[in-house]
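Let's take a walk through this structure together, strand by strand. Have the coordinates open and follow along.

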Amino acid sequence: MLDKLHSEYRGLYGRDYDEKDMDERFLSLRKEGEKLFGARDDFALFSAAGRTEIAGNHTDHNLGKVIGGTINLDTIAYVQKRDDTRVILASEGFPVVDIDIEDLSIHKDEMNTTHALLRGIAKAFKDRGIEIGGWQAYTTTRVLKGSGLSSSAAIEVLCAEIFNNLYAEDELSPVELAKIGQYAENVYFGKPSGLLDQICCANGGIVGIDFADRNNPVVTPLSVDFEENGYAMIITDTRGNHADLTSEYAAVPPEMRMVASFFGKDNLRQVDYMDFVAALPAIRKKIGNDRAILRAYHFFKENDRVDMMLSELRDGSIDTFLMLVDESGNSSYKYLQNVFAASDTDNQGISIALAMSEDILQGEGAHRVHGGGFAGTIQAYVPEYLIEKYVARMECVFGKGCSTKIAIRQLPVSRIY
């Protein structure tokens with residue numbers, strides 16, 4: 001087993017991994033799986049990673065463009081195929097989930113549970129005409145929860161890939177697996193999420209995603225190694241309280257669409273920027289919401305910025321790319337306004353982390369709010385010689401372990417043994 005895994009580690013975890021640590025992790029996974037389900041020779045191992053948002057902050061829900069990357073923190077699974085239709089998912093630290101996929105109806109009492117996600121994933125395979133059966137799995141994860149790295153999307157695409165591998169000979173592409181995860185989350189789980197997180201977790205590497213056609217996003221893979229260029233990507237969790245922030249997140253898409261509706265459109269992607277600028281006085285008078293107008297400014301500029309960043313990454317122009325990262329962060333701060341909650345101005349951990357980053361980096365590297373914002377994480381590209389200083393300063397304010405060095409993973413969600 002370990003010989004096979006050794007050939008996979010670089011693609012899963014980048015250049016900076018501890019082989020002994022990973023060996024112990026997978027051996028422990030197998031041991032716990034066999035303790036739960038019994039030892040078998042025909043077991044399988046799977047891996048699905050978290051993701052980082054690189055550009056396109058809060059643009060996907062208005063048919064915008066984004067850049068995301070799969071990271072070297074993953075959820076791994078020990079899996080055995082079953083001869084019946086039961087699916088059993090045992091995840092470290094959580095109650096065991098046990099369903100029978102003979103019943104794929106929506107259970108209202110299962111909303112917001114993993115039971116609902118599994119039924120929804122199974123139903124999506126059935127709707128595609130793919131006959132599936134049962135399996136049992138034990139999982140453990142290093143995708144940090146509550147840090148904007150999409151631990152929930154990782155488990156969704158992981159479960160979809162288990163069905164895909166065991167019963168469909170990996171017929172479905174990463175984008176199809178992402179759509180299945182989104183379907184389960186929207187229809188069965190009850191969360192109206194977009195497709196960004198699932199595509200990034202499923203695909204592997206850095207990708208540009210254009211959501212102009214929501215049902216058929218265009219995915220453009222890129223080959224980039226920030227470490228080769230002397231930078232580490234560091235995510236800092238400011239450990240803010242996410243409670244009662246649903247209304248803050250939920251306000252962003254409709255406020256952007258409020259501006260689009262002035263032009264008789266459903267989403268800002270369908271509006272021309274120059275028409276928006278020319279109509280500003282009338283828009284302001286009609287909708288009576290200046291924040292919505294500022295968020296529209298962010299959308300238009302960020303969408304253009306994604307194209308520029310993709311071009312710079314293709315050309316290997318890291319310095320210009322990093323300048324655009326800073327521009328993206330400034331736009332989120334000033335126009336999107338998602339660095340703190342308007343309802344809780346006493347708590348501005350993200351703002352403090354951004355101020356500290358600016359002070360430490362002194363024009364080198366780059367920094368920006370990461371993901372949803374309001375009370376969460378920031379992303380920084382830190383020169384190698386500043387990593388120790390940067391992490392120490394962040395930990396002094398936000399606590400030990402708040403900053404995590406991440407790397408881009410190249411492999412998609414997949415069976416690795």
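What follows looks at two regions of strands in this predicted model.

Let's begin with strand E3, residues 86–91. E3 is mostly covered, with 5 of its 6 residues buried. On one side, E3 runs antiparallel to strand E4 (residues 97–100), and 4 bridges join the two. You can locate this pairing at Val87, whose bridge partner in E4 is Ile99. E3 and E4 form a hairpin with 5 residues between the strands, and there Gly93 takes a positive phi near 85°.

E3 also pairs with strand E5 (residues 135–141), this time in the parallel sense, through 5 bridges. Val87 is again a good landmark: its bridge partner in E5 is Trp135. Strands of a sheet pair through backbone hydrogen bonds, either parallel or antiparallel.

Now move along the chain to an open sheet. Here 4 strands line up in the order E9-E10-E8-E11, with antiparallel pairing. Why is one side of E9 and of E11 left without a neighbour in the sheet? Strand E9 (366–370) and strand E11 (403–406) stand at the edges and each has a single partner strand, so one side of each has no neighbour there. From one strand to the next, the twist averages 25°.

To see one of these pairings in detail, find strand E8 (residues 231–237), which pairs with E11 in the antiparallel sense over 4 bridges. Within that pairing, Thr236 has Ser403 of E11 as its bridge partner.

Finally, add helix H12, residues 318–336, to the picture. H12 lies across E8, E9 and strand E10 (377–383), and runs at about 40° to E9.

Technical notes: Residues are numbered from 1 along each chain as its sequence is written. This is a predicted model: local features need pLDDT of at least 70, side-chain atom pairs count only at pLDDT 80 or more; totals for chains, interfaces and linings use all residues. Side-chain values use heavy atoms; hydrogens and water are left out. Two strands pair if DSSP finds at least two bridges between them. Axes are lines fitted to C-alpha atoms, for helices over the stretch in contact, and angles run from 0 to 180 degrees between N-to-C directions. Contact means heavy atoms within 4.5 Å. Buried means under 20% relative accessible area, exposed over 50%, partly exposed in between (1.4 Å probe, protein chains only).
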